[in-house]
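Here's a quick briefing to keep open next to your viewer. Have a look at the model, then read on.

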Amino acid sequence: MSKAIQALLTGMFITFVLDFFLFLGIFLHYTEHYEVGVYYNILFADNQNWYLFFTLSVVLGYIVVYVKNSKISLIPIPLVALFVSLTLFENVGYKAGEAMFMKKNITIKIKRHSYVGDIIYNGREKITFYSYNLKKTVTFDKKDLVQ
């Protein structure tokens, strides 16, 4: 196997593990907090930033395979792992999920009604929404939205 392919696969493996912990923290402390009702696999697959994933895979793979200075190669990966694992703490995981998914002060129109509030999670078929008027979280089917 060529070194370039080995670097890419190594970087992809490391990035996959980092993404797992990032989305685990968001799943545990954001989607479970709001009772969104989305499975971890769907959350992970639908919200993966593939450009960032492959860029990080190439960079980390290059560092692991091509950089011969062990001090340089051992600093960035644990640092990124530490940063990502912070989402396993409740307040950090919640804030990361809020930054990724929440859209504040949005108006949604369903048939004859309008709702003003925050989009908590915009899923494949449903939108989880906090209504300011109702003062509770509601779920709407995307097919019922009026554009």
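How many bridges join β3 to β4, and do these strands run parallel or antiparallel? Six bridges join them, and the two strands run antiparallel. Keep in mind that this is a predicted model. The rest of the briefing goes through the sheet, then the helix packing, one loop residue and the two largest pockets.

**The sheet**

- β3 and β4 belong to an open sheet of four strands, ordered β1-β2-β3-β4 with antiparallel pairing.
- At the edges sit β1 (103-110) and β4 (136-141), each of which pairs on one side only.
- Going from one strand to the next, the twist averages 50°.
- β1 is joined by six bridges to β2 (residues 113-122), and this pair runs antiparallel.
- To find your place in that pair, pick Ile 108, which stands opposite Tyr 115 in β2.
- β2 also pairs with β3 (residues 126-131), again in the antiparallel sense, over five bridges.
- Two handy markers here are Asp 118, whose bridge partner in β3 is Tyr 130, and Ile 119, whose bridge partner in β3 is Phe 129.
- For the β3 and β4 pair, look at Ser 131, which stands opposite Lys 136 in β4.

**The turns between strands**

- β1 and β2 make a hairpin with two residues between them, and Lys 111 in that turn has a positive phi of about 50°.
- The hairpin that joins β2 to β3 goes through three residues.
- β3 and β4 form a hairpin too, with four residues between the strands; in the turn, Lys 135 has a positive phi of about 55°.

**How α1 packs against α5**

- The axes of α1 (residues 3-31) and α5 (residues 76-85) come within 9 Å of each other and cross at roughly 20°.
- That crossing angle makes α1 roughly parallel to α5, because angles under 35 degrees count as roughly parallel.
- On the α1 side the contact is made by Ile 14, Leu 18, Phe 21 and Leu 22, which meet Ile 77, Val 80, Ala 81 and Val 84 in α5.
- By class, this contact has eight nonpolar residues, with no polar and no charged ones.

**How α1 packs against α6**

- Here the axes come within 8 Å and cross at roughly 95°.
- α1 and α6 are therefore roughly perpendicular to each other, since the range for that label is 65 to 115 degrees.
- From α1, the residues involved are Phe 23, Gly 25, Ile 26, His 29 and Tyr 30.
- They meet a set of residues in α6 that includes Glu 90, Gly 93, Tyr 94, Met 100 and Phe 101.
- The class split for this contact is seven nonpolar, four polar and two charged residues.

**His 33, just along the chain**

- His 33 is found in the loop between α1 and α2 (40-46).
- Setting aside neighbours within four places in sequence, His 33 is in contact with Leu 28 and Tyr 94.
- Tyr 94 also turns up among the α6 residues that meet α1.
- The C-alpha atoms of His 33 and Ser 2 are separated by 46 Å, with the two positions 31 residues apart along the chain counted as their spacing.

**The largest pocket**

- Its volume is about 360 Å³.
- The lining takes in 19 residues, and Asp 19, Leu 22, Leu 52, Phe 83 and Val 84 lie nearest the centre.
- α1, α3 (50-66), α5 and α6 (90-101) are the elements that give two or more residues to the lining.
- Which of these gives the most? That is α1, with five residues.
- The lining divides into 13 nonpolar, five polar and one charged residue.
- Leu 22 and Val 84 are named near the pocket centre and also in the contact of α1 with α5.

**The second largest pocket**

- This one has a volume of about 260 Å³.
- Its lining includes Val 36, Gly 37, Val 38, Tyr 39 and Ile 42, along with Tyr 121, Gly 123, Arg 124, Glu 125, Lys 126, Thr 128 and Thr 139.
- Sorted by class, the lining has five nonpolar, four polar and three charged residues.

Methods:
Residues are numbered from 1 along each chain as its sequence is written. This is a predicted model: local features need pLDDT of at least 70, side-chain atom pairs count only at pLDDT 80 or more; totals for chains, interfaces and linings use all residues. Side-chain values use heavy atoms; hydrogens and water are left out. Axes are lines fitted to C-alpha atoms, for helices over the stretch in contact, and angles run from 0 to 180 degrees between N-to-C directions. Angles under 35 degrees count as roughly parallel, over 145 as roughly antiparallel, 65 to 115 as roughly perpendicular and the rest as oblique. Contact means heavy atoms within 4.5 Å. Ala, Val, Leu, Ile, Met, Phe, Trp, Tyr, Cys and Pro count as nonpolar, Asp, Glu, Lys and Arg as charged, and the others, Gly among them, as polar. Two strands pair if DSSP finds at least two bridges between them. On a 1 Å grid over the protein atoms alone, a cavity is a set of points where a 1.4 Å probe fits but cannot get out, and a pocket is an open set with protein on both sides within 12 Å along at least five of seven lines; lining residues have an atom within 4 Å of a point. Grid points are joined across faces, edges and corners, and a volume is the space filled by probe spheres set on the points.
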